Amino acid sequence: MNRRSLIASALGLVAGGAASRPAAAQPLADLTVTAAIRGSIDASEFGIWPDALDDQSRAFRRMLDKAAERDAPVFLPPGNYVVSNIRLPRNVRLAGIPGASRIVYSGDGYLFAAEDAATIDLTGLIFDGANRPLGAEAQALVEMRRVEAFTMDRCEVIGSGGSGVALERVSGRVERSTIAGAAAYGLYCVEAGQMQISGNSVRDCGEGGILVHRWQKAGDGSLVSGNRIERIGTRSGGTGQYGNGINIFRAGNVIVSNNHIADCAFSAVRANSADNVQILGNQCLRSGETAIYSEFAFEGAVVSSNLVDGAANGISLVNLDQGGRLAACTGNVVRNLVDRPPYEPYFPDVTAAFGTGISVEVDAALTGNVVEAAPRYGFLIGWGPFLRNVTATGNVVRASREGFAVSVVEGAGSVIIADNVIDGAERAVVGYRWLDAATGDLAAGDGGNFRHLRVEKNLVS
């Protein structure tokens with residue numbers, strides 16, 4: 001049986017069937033096969049057969065090298081291909097049948113890797129780590145370094161003994177793919193060239209979901225949108241280095257939008273030292289610590305239209321002591337918080353504030369947010385002297401212990417708390433000196449005058 005007959009038989013593309021339909025009516029997988037067959041390398045020429053029992057690594061590498069010489073695509077029919085340590089040539093276009101063409105890691109190293117490549121296009125493939133350990137120098141099951149145009153589309157990366165996919169100085173896209181069961185990170189992307197990470201499912205990873213990092217603070221421009229991220233653990237412990245659904249570190253100009261993120265050990269979205277980050281329209285469910293974080297040396301953060309249901313803290317835009325400043329927090333809904341972090345309270349001055357809806361410190365506008373069922377504060381504004389130029393207007397706080405907690409420590413800067421609705425709180429607005437309440441209810445005029453603070457026209461019920 002020749003190769004064309006094998007593929008047609010496997011897919012049922014017989015005369016009068018799918019192959020005879022107009023292209024517009026054919027399923028997407030059929031169109032992928034049709035495109036791959038034309039001019040593609042015949043795997044059988046190199047002794048590569050689906051479901052062969054032997055390791056086919058040497059023949060697989062030879063096939064990809066020959067395809068690169070011809071600048072031709074390679075198509076893998078359905079079945080299992082047992083290989084390891086496949087170093088990709090400069091140009092690779094490798095396609096299979098989504099859910100059926102499985103490349104299985106045989107151990108002792110990595111599965112796929114490339115360096116200094118021009119075009120790497122992986123479509124419709126399963127990369128199965130078989131839960132075997134990676135080699136000592138391997139970071140991920142699939143590793144790409146310095147690739148000009150990388151595409152991973154409709155692939156699955158499962159059962160990695162390290163991270164699923166690691167990209168270093170790579171430009172391109174990872175989309176419509178599944179990364180599951182990685183012992184470390186799902187997708188680790190460092191020094192990216194404006195990557196687009198969209199429409200993926202990342203789940204059951206031991207240390208983190210999607211990471212966009214840089215070695216030094218700089219613009220990055222990556223887009224992380226429309227992904228579904230679930231059940232992210234923190235095997236190495238810590239207080240937030242691990243266990244995050246989406247983690248942006250030192251990468252500027254990144255947009256994190258419209259992701260569905262659930263059951264992360266720490267944060268759903270954690271941006272650390274990330275300038276001009278936008279965190280928009282994300283669904284954040286059952287986060288172990290702070291659901292959405294913009295922290296440390298950031299300048300410029302927009303956090304808008306997110307829904308947080310279940311966390312120790314809802315949203316935190318903090319760390320003036322490290323240079324964190326300049327934020328807009330608008331139109332978010334935060335509810336059902338708890339007053340304990342997922343670790344022992346090593347730092348009582350920090351962990352004492354858990355159970356807070358939204359926290360901000362410097363050069364920030366809080367508008368149109370709704371916080372419900374915060375066991376400590378609906379809003380925490382400032383921390384000691386770390387407070388400057390904050391407005392909190394048009395927000396709603398309901399069924400929380402205190403509506404607003406605001407710093408009245410010497411050196412605290414200007415704050416306006418006005419035109420908010422506060423329902424069912426023990427006290428509406430309270431001045432704090434660090435952890436200690438220093439006033440009565442400021443919304444009722446109880447506690448004296450503070451030149452840096454204006455509290456007015458709030459509706460308390």
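**Exercise 1. Decide whether Tyr188 is buried or exposed, then describe its aromatic pair with Tyr185.**

*Solution.* Start with the accessible area: Tyr188 has a relative value of 14%. Buried means under 20%, so Tyr188 counts as buried. Keep in mind that this is a predicted model.

Next, treat Tyr185 likewise: its relative accessible area is 18%, so Tyr185 is buried too.

Now turn to the rings. A pair of aromatic rings is described by the distance of the centres and the angle of the planes. By the ring-pair rule, the model holds eight aromatic pairs. Tyr185 and Tyr188 make up one such pair, with 5.9 Å from centre to centre and 25 degrees between the planes. Planes under 30 degrees apart count as stacked, so the Tyr185 and Tyr188 pair is stacked.

**Exercise 2. Find which residues have the most contacts inside the largest nonpolar core, and look around Phe112.**

*Solution.* The largest nonpolar core is made of 108 residues, and Phe60, Leu94, Phe112, Phe127 and Ile381 have the most contacts inside it. There is also a second, separate core of seven residues, including Tyr377, Leu380, Trp383 and Tyr432.

Then take Phe112. Setting aside neighbours within four places in sequence, its contacts include Phe60, Leu94, Phe127 and Glu143. Finally, check the rings: Phe60, Phe112 and Phe127 form one aromatic cluster. As background, nonpolar side chains tend to be buried together in soluble globular proteins.

**Exercise 3. Work out which side chains of strand S22 are buried, and which strands pair with S22.**

*Solution.* Walk along S22, residues 277-280: the side chains alternate. Val277 and Ile279 point to one face and are buried, whereas Gln278 and Leu280 point to the other and are not.

Next, look for partners. Strand S19 (residues 255-257) pairs with S22 in the parallel sense over three bridges, and Ile255 has Gln278 as its bridge partner in S22. Strand S25 (residues 299-304) also runs parallel to S22, joined by four bridges. Here Leu280 has Ser304 as its bridge partner in S25.

**Exercise 4. Describe where Ser407 sits and what its side chain lies beside.**

*Solution.* First, place the residue: Ser407 belongs to strand S36, residues 402-407. Then check burial: with a relative accessible area of 2%, Ser407 is buried.

Now the polar side: a polar atom of the Ser407 side chain lies 3.4 Å from the backbone nitrogen of Val409. Last, leaving out neighbours within four places in sequence, Ser407 is in contact with several residues, among them Ile381, Trp383, Tyr432 and His452. Of these, Ile381 appeared in the largest core, while Trp383 and Tyr432 appeared in the second.

Key
Residues numbered from 1 in each chain as written. Predicted model: local features only at pLDDT ≥ 70, side-chain atom pairs only at ≥ 80, totals over all residues. Heavy atoms only, no water. Core = buried A, V, L, I, M, F, W, Y, C linked by side-chain atoms within 4.5 Å. Buried < 20%, exposed > 50% of the residue type's maximum accessible area, 1.4 Å probe, protein only. Contact = heavy atoms within 4.5 Å. Phe/Tyr/Trp six-rings, centres within 6.5 Å; stacked < 30°, edge-to-face > 60°. Helix = DSSP H or I, 4+ residues; strand = E, 2+ residues; numbered from the N terminus. Pairing = 2+ DSSP bridges. Polar contact = N/O pair within 3.5 Å; in protein donor to acceptor, adjacent residues only side chain to side chain.
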